[in-house]
Amino acid sequence: MLRIADLHVRLGRAEVLAGIDLDAAPGEVTVILGPNGSGKSTLLRAVAGEIAYAGSVQLAGHEVARTAPWRLAALRGVMEQASTVAFPFTVAEVVRLGLQSGIEAGEEIVAAALAEVGLSAFAHRPIQELSGGQQARAHLARVRAQVWHPSGHAGPRWLLLDEPVASLDIGHQVEVMAILRRFAQGGGGVVAVLHDLNLAASVADRIVLMAAGRIEAAGPPEAVLRDDLLSRVYGCPLRVGVAPARGPWVLPPPIEALSA
Amino acid sequence: MAMALDLPHPGQPRAARLRPWLVALLLAAALLSVGSGAAGVSLHGVLGDLLSGQGISARDKVVLLDIRLPRLAMGILVGAGLAVAGAVMQGLFRNPLADPGIVGVGAGAGLGAVAAIVLGGLLPGALVATFGQYLVPVAAFLGAWGATLLLYRVASRGGRTSVAVLLLAGIALAAMAGALTGVLTYLADDRQLRDLTFWGMGSLAGASWLRLVAGAALIAPALVLAPRLARGLDALALGEAAAAHMGTDIERLKRHSVLVVAALAGAAVALAGGIGFVGIVVPHLLRLLAGPGHRRLLVDAALLGAALLVLADLVARRVVVPAELPIGIVTAVLGAPVFLWILLRRRGFGGL
């Protein structure tokens, strides 16, 4: 379980997270939504153990702020919003960096992780030569290699992802969502920050909608993706429809209506 | 999953093939170095004497054991130290242009060494008599350590290093160290001034087993420890946050890297004065030849750095016979163009 209780984070003078209470279960995909500056990434970084916080963030029973980096690394992989690689490492070398020490069949995991994101053919190309979207997929493969088996003998593992599809075309966006889905089905936990409401609706078991450092609503997509709630939080008139056999979908307003 | 192993692996075998060549290069350089010198003692001749059962003459013995071998050993230590210091520093700052000599760490080490030479006389005589030969290397190490810590504090924010800030801070640091060194020069007496001049020229000419032991006490452990930083430095190439997420203890990695850089650069400066560009050219060439992985790079850099410095020393001894050039001039003449070439190539990657 991921248990967050009364989480506060200050960055400089601003209180970026003002009291977050949230539980997320393994086996589920939890998607964090919210407008720019609502604290989504900060929440993810706090869960990742990257920043100091007040309150409690427990991942599989470990308070992350007091857990050694190597122990956390065996428990969860984190895909950062943007990663630049300083030296001309090949794609395979970058993915291999994700492998934790003592892991068995490391090379097979590297190859399988590359195959999962469709980059097998690029394994030995310097990562700096790839396009932005390909680099993002390579980093996803690295994070996947770090927690390859969704569930280990020490319990479920977690994927924490900050806008993993921001630079991807729609085909690869869907592929990444499928990867997250499979990881959750395998017993792992997934927490992802997304911007695309419809993508969120398609993959999430649970959606957490944030605004101004607090949780505005949390629950299954049908409960959170509502006209009134979304329009208020995003400050923009949004309509939610229902696609047959698919669930909710969100339609932006016609731009003419806004510019008139 | 078996297809994993069918993937072509172009980088790997090429990289693995490089190591024997580096060892061979170092051996060849070492033989050349031992076999040549102003005294005209040749290895060939000495071997001939040995094989014919005559034994080596006393003069040849002195030339080989007390002049050429310590000089060779010092070249190996200093070259390996400078190259590995450069590689670790570049990994720490996530930039292939970081080099102890360029960003002021060498100047900090120099300040420490000069302070030890000039102010060492103020220490109790018994202390100097016992630890005298360690004084300059340790002071240079402390100077380099302080400089590296300061640089990291100034130039790195939140896991990103601004190269502009790094270089400018290095210039400021070098200026400050230079000024303090100047003040110390004023305080120095005649004998100390002579020591300073000799040391400052950057040369392996002052090699002796005694000085070598003092420098090796810092360089050898740092060279042995450096490869243990490899995994952390590899991870750090993706940024501090990503490295931490993958399990690297970032603060410990930084502390240890700074100590290794300071020990290597400090002791190298203490032994041989200012020798530039080895730390930048050697790791760069190796990254081109065998990839940027630090596990391989840190060992290969020691080999190639040692070989190149021994060869540079040979050149320094040969070009203006019977005098010799300061080796720093040779490495600068050979290294500076390579540095400029790196700069030109990197412009294609969206600037620095």
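Modeller: Two residues are in contact when their C-beta atoms, placed from the backbone, lie within 7 Å. The model we apply this to is predicted.

Biologist: Leaving aside its neighbours within four places in sequence, which residues is A:Gly77 in contact with?

Modeller: The partners are A:Gly98, A:Val143, A:Arg144, A:Gln146, A:Val147 and A:Leu159. A:Gly77 itself is part of strand 6 (residues 76-79) of chain A.

Biologist: What makes A:Gly77 buried?

Modeller: The cut-off for buried is 20 or more other C-beta atoms within 10 Å. A:Gly77 has 27 of them, so A:Gly77 is buried.

Biologist: How many Å separate the C-alpha atoms of A:Gly77 and A:Arg10?

Modeller: The separation is 24 Å, for residues 67 places apart along the chain.

Biologist: Why is A:Asp6 called exposed?

Modeller: Exposed requires 12 or fewer other C-beta atoms within 10 Å. A:Asp6 has 11, so the label is exposed. A:Asp6 sits in strand 1 of chain A.

Biologist: What is the phi of A:Asp6, positive or negative?

Modeller: Positive, near 50°. Most residues other than glycine have a negative phi. A:Asp6 is a residue other than glycine, with a positive value all the same.

Biologist: And A:Ala212: what is its phi?

Modeller: Also positive, near 50°, and again in a residue other than glycine. A:Ala212 lies in the loop between strand 11 (206-211) and strand 12 (214-219) of chain A.

Biologist: Why does A:Ala212 count as partly exposed?

Modeller: Its count is 15 C-beta neighbours inside 10 Å. Buried needs 20 or more and exposed needs 12 or fewer. The count of 15 falls in between, so A:Ala212 is partly exposed.

Biologist: Why is strand 3 (residues 29-33) of chain A described as largely enclosed by the rest of the structure?

Modeller: 5 of its 5 residues are buried, so the strand is largely enclosed. A:Val29, A:Val31 and A:Leu33 point one way; A:Thr30 and A:Ile32 point the other way. Residues on both sides are buried.

Biologist: In what sense does strand 3 of chain A pair with strand 11 of chain A, parallel or antiparallel?

Modeller: Parallel, over 4 bridges. At least two bridges are needed for strands to pair, so the 4 here qualify. One bridge joins A:Val31 to A:Ile207 in strand 11 of chain A. Strand 10 (residues 189-193) of chain A also runs parallel to strand 3 of chain A, joined by 4 bridges. There, A:Thr30 has A:Val191 as its bridge partner.

Biologist: What is the order of the open sheet of 4 strands in chain A?

Modeller: The order is 2-1-4-5, with antiparallel pairing.

Biologist: Why do strand 2 (14-24) and strand 5 (62-63) of chain A stand at the edges?

Modeller: Each has a single partner strand, so one side of each lacks a neighbour in the sheet.

Biologist: How many bridges pair strand 1 (residues 2-11) and strand 4 (residues 54-59) of chain A?

Modeller: 5, in the antiparallel sense. The minimum is two, so these strands pair. A:His8 has A:Ala54 of strand 4 as its bridge partner. Helix 1 (residues 40-48) of chain A lies across strand 1, strand 2 and strand 4 of chain A, at about 65° to strand 2.

Biologist: Which residues of chain A does UniProt place under "domain: ABC transporter"?

Modeller: Its unreviewed entry gives residues 2-237. That span is 36% helix and 27% strand, with its end C-alpha atoms 33 Å apart.

Biologist: How many residues does the contact take from chain A and from chain B?

Modeller: 27 from chain A and 28 from chain B. Helix 2 (69-75), helix 3 (91-98) and helix 4 (106-116) of chain A each supply at least two residues to the chain A side. Helix 4 gives the most, with 4 residues. That side divides into 14 nonpolar, 8 polar and 5 charged residues.

Biologist: How close is the reach of helix 11 (residues 250-272) of chain B to the Å expected?

Modeller: The helix reaches 32 Å from first C-alpha to last, against 33 Å expected for its 23 residues. Those values are close. B:Gly273 follows the helix, with a positive phi near 75°.

Biologist: What do residues 134-152 of chain B consist of, helix or strand?

Modeller: The stretch is 100% helix and 0% strand, with end C-alpha atoms 27 Å apart. Residues 134-152 are among the stretches of chain B that the unreviewed UniProt entry annotates as "transmembrane region". Another one of these is 258-285. Residues 258-285 of chain B are 82% helix and 0% strand, with end C-alpha atoms 23 Å apart.

Definitions and conventions. Residues are numbered from 1 along each chain as its sequence is written. Chains are lettered from A and ligands numbered from 1 in the order in which they are written. This is a predicted model: local features need pLDDT of at least 70, side-chain atom pairs count only at pLDDT 80 or more; totals for chains, interfaces and linings use all residues. The expected span of a helix is 1.5 Å times one less than its number of residues. UniProt positions are given in the numbering used here, feature names are shortened, and annotations may be inferred rather than shown by experiment. Ala, Val, Leu, Ile, Met, Phe, Trp, Tyr, Cys and Pro count as nonpolar, Asp, Glu, Lys and Arg as charged, and the others, Gly among them, as polar. Axes are lines fitted to C-alpha atoms, for helices over the stretch in contact, and angles run from 0 to 180 degrees between N-to-C directions.
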